[in-house]
Amino acid sequence: MTEKLLARAGAVRVAGVVAAALGLVTVLLPWAYGKTALDNMTYFFGPSFLQLCYAILLLVALVALAAKWFRGRLGRFAKAVAWADTAKAAGLGAAGYALACLVAIAVQNGGLVMIEPGGWAAFGLALVTGGAALVLPGSAKPTLGKLKSPPWVQILAIAAAMAVVLFAAAYELNRADIEDFLVFGCFAVAVVVVGRAAGLFGWLSLAAANNRRVLSLAAFAVAFAFPFTQNGSDANMSVANQVLIFAATAMGLNIVVGLVGLLDMGYIAFLGAGAFTAAVLSKSAFATLSVDLPFPVTVLISGVVASLLGLLIGTPTLRVSGDYLAIVTLAFGEIFRITMNNLDGVDGPNITNGSNGVPAIPNLDFFGFNLGQVHHFLGVDLGRQSNYYWLLLVVIAVVIVVFSNLAHSRIGRGWVAIREDELAAEAMGVNTFALKLLAFAGGAFLAGMAGSVKAYRDTAVSPDQFVFLESAFLLAAVVLGGMGTIGGVLIGATLLKLLPEKLRFFEDYRLLLFGALMVLMMRFRPEGIVADERRQLEFHDADEELAEEVEEDLVSHHSLLNPETDRGAVA
Amino acid sequence: MSAPVFASGATKPGGERGVLLEARDVTMRFGGLTAVKQVSLQVHDGEIVGLIGPNGAGKTTFFNCLTGLYKPTSGQVTLRGDVLPPKPRDVVKAGVARTFQNIRLFHNMTAMENVMVGTYCRTKANVIDAIFRLPRHRREEKASTARAGELLAFVGLADKANTLSRNLPYGDQRRLEIARALATDPSLLLLDEPTAGMNPNETRDAEDLIFRIRDLGLAILVIEHDMRFIFNLCDRVLCLVQGEVLIDGTGDEVQNDPRVIEAYLGSPQAEAGD
Ligand SMILES: Nc1ncnc2c1ncn2[C@@H]1O[C@H](COP(=O)(O)OP(=O)(O)OP(=O)(O)O)[C@@H](O)[C@H]1O
Ligand SMILES: [Mg+2]
């Protein structure tokens, strides 16, 4: 009986491997007929890049299915990977990806008839591979994460991962057609799913935890290199700049919401305060105060003004908590916008020119390096947006360092203690009111700094840029990304700014889509995309297994890191 | 913060023990209900004082009055002759730390971090120190970590330092709360039912722990329903009934007072405690 079962399992495995091998051949066939669809899938023996992506997924599935037959050293290594789950994810991922390609071809070239047999075969064979993997028994949890590896392997892996991220981001952003954009997005998601299934991410995140400095440097280097992938085009750089401004502001909100657990629904006011301060102080002909200050001083003043506003709002409102605080801060956000509208010389003193705001803010100029001009460097034209991008990169680096250093200090511990149990924190000697105020002021400072650069990048500041919807999006970026985390908030901010920008045809349904996304997130992953190890538990109360897992993680991280760079209150 | 870990509250060498905490005619009213009525109490250096009484007698309310969580309707509390400040965090700073009847740990922080929060009021690193990782931050962080480690070892949780406090067994959570309170460097420790929910073994460990804390030079005021525990432990016992002090005396005096037995059981024949 069992022998029969085993024989049948063997047959299924062979079928899966054969299907995968045949599937690999289909990339040599054309998938589309007629017009060049999806970066040209119309050639015989000329696989396009997007076809190669399919091949990568299927190859992984093939190897994963065949891993059962590995022997010797390879076999021992193979034990650390959850091959069966990898095969499932890769096979089904390839099928899903192929399906996305077919749909895209049909949409672009007009109808299903434009799909060549090669395309159908690719989809069918991937489906067979995935199906075979699905039928075979699953595997135990991947232990790849616990595998020991020499430091140079870890560092190389981080560098490679970063290079892949840079390449993928550049490729994705340079897609002109929305179909290409979405299809490659599908591939990226499939890769992430496969990596998770194999336990690769567990291993990578451990490597990252062991080499924090290397990771930060690599991430920064990649971010720094990004403009060079744009061939002098400013379009994507402009989006990237919006993302960075948004992310810096969200990071400020992350202190208030993520660490201290206070709900602030009017946060955009602090970005606005910074932007208006910089605009009013700028050399624009419309600026009302126009002082000739070095830019770093302007940034500081903007931050200070924003944090003063934070104190102004915080002092009375922080006495209420929960829903009341949300409503009061929402009101303050609106009051800010309306006040900016009214400081027009009619209803009040003329500071902001009312609804016209301050236009024509001149470009920044650092020692003769004008940020408004195109510069030629390393054979690439770097436009205005690239210049501001690098400036914003400095700002976000500062913001991240401030956030992380504060979070891993006695102050950060105090903040998290307030979030966990405010009364107990007070009874243990934590000055809860002062710390909450500090969170308000500190977060506002970060947002204000971002605002000052925003003023110069946008060249104009007006009150209607700071509406409630923006505050809601900021909050969504923090919640969606992962409260209290750095990576999560960066990802959340990127998604929330990038998607609306790229999916312009969706414009009318943007809010609908966004609402649906939020509902789905809250239902299936309330802790956000990147979960703070600790917060994750709050949302999955009954999940004992998860609790143990997180604990193991914490223990291993603690023993691996040296105390100075150790993770303190939050990770 | 560094050298002598538990410096405060040492017993005066020879001679009379000084009065550490004194509550005078503390009354706490909630609307029509008087939860604590004219309660006076003295705790001397290095003393373990028990506070007993039936459910709802006002013991926890009295603790809250001592620690600033409630502002007493009338009466005064002094520590070494100085009136205690009104805010809970200032009371902690003055040297009175407490645990809670229903454990109030920071659940999603590790045991280590919980204890380190206790050192908050004895450290001074400000925002600038933290952001720029200035020497003061690094020095304090090192000292706090070391101190928290010591305290965890002291209460027997050294191997649980990186466990989230929510995942600790009940008994360990109680001990962690004590460690967190000790981290505030108190001269008086208030324990609200430290053995509630513990098995006999754990109770014995808790007893031992409290003696060891006393030996460090702290005074302890402890609420408990377990009579054997109380009479083993305490130099003096105070019995509260319906907010009023029924009797304040040595363990033997209280143990043999028929009114105490009656307060608990309502009938003079039965035996006190469990
Ligand atoms: N905040 C409050 N508002 C109104 N009544 C309160 C409040 N806190 C306590 N009480 C009342 O005061 C009385 C004393 O309560 P307390 O919690 O101090 O009793 P206890 O001696 O600690 O009892 P137990 O042994 O059950 O812990 C009770 O009747 C309680 O209902
Ligand atoms: Mg009580």
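**Note on chain B and the shell around ligand 1**

1. The shell around ligand 1 is made up of 7 polar, 5 nonpolar and 2 charged residues. The model under review is a predicted one. In all, 14 residues surround ligand 1, and the closest are Asn55(B), Lys59(B), Thr60(B), Thr61(B) and Gln101(B).

2. Polar contacts of the ligand. Thr60(B) places a polar side-chain atom 2.7 Å from an oxygen atom of ligand 1. For Gln101(B), an N or O atom of the side chain is 2.8 Å from an oxygen atom of ligand 1. His225(B) has a polar side-chain atom 2.9 Å from a ligand oxygen atom. Of the 640 Å² of accessible area that ligand 1 has on its own, the protein covers 65%.

3. Which elements give two or more residues to the shell around ligand 1? They are strand 2 and helix 1 of chain B. Helix 1 of chain B gives the most, with 3 residues.

4. Strand 2 of chain B belongs to an open sheet of 4 strands, ordered 2-1-4-5 and paired antiparallel. Strand 2 (33-44) and strand 5 (82-83) of chain B are its edge strands, each pairing on one side only. Within this sheet, strand 1 (residues 19-30) and strand 4 (residues 74-79) of chain B run antiparallel and are joined by 5 bridges. Thr27(B) has Ser74(B), in strand 4 of chain B, as its bridge partner.

5. Helix 1 (residues 59-66) of chain B packs on that sheet, where it touches strand 1, strand 2 and strand 4 of chain B. The direction of helix 1 makes about 115 degrees with that of strand 1 of chain B. Helix 1 therefore appears twice in this note: it packs on the sheet, and it gives 3 residues to the ligand shell.

6. A further open sheet in chain B has 6 strands in the order 6-7-8-3-9-10, with mixed pairing. Its edge strands, each pairing on one side only, are strand 6 (96-98) and strand 10 (244-249) of chain B. From one strand to the next, the twist averages 20 degrees.

7. How do strand 3 and strand 8 of chain B run, parallel or antiparallel? Strand 3 (residues 48-52) and strand 8 (residues 219-223) of chain B run parallel, and 4 bridges join them. Leu51(B) stands opposite Ile223(B), a residue in strand 8 of chain B.

8. Helix 6 (residues 170-182) of chain B lies across strand 6 and strand 7 (188-192) of chain B. Helix 6 runs at about 155 degrees to strand 7 of chain B.

Note on methods: Residues numbered from 1 in each chain as written. Chains lettered and ligands numbered in written order. Predicted model: local features only at pLDDT ≥ 70, side-chain atom pairs only at ≥ 80, totals over all residues. Heavy atoms only, no water. Pairing = 2+ DSSP bridges. Contact = heavy atoms within 4.5 Å. Axes fitted to C-alpha atoms, helices over the stretch in contact; angles between N-to-C directions. Near = heavy atom within 4 Å. Polar contact = N/O pair within 3.5 Å; in protein donor to acceptor, adjacent residues only side chain to side chain. Areas by Shrake-Rupley, 256 points an atom, 1.4 Å probe, with all protein chains shown as cover. Nonpolar A, V, L, I, M, F, W, Y, C, P; charged D, E, K, R; others polar.
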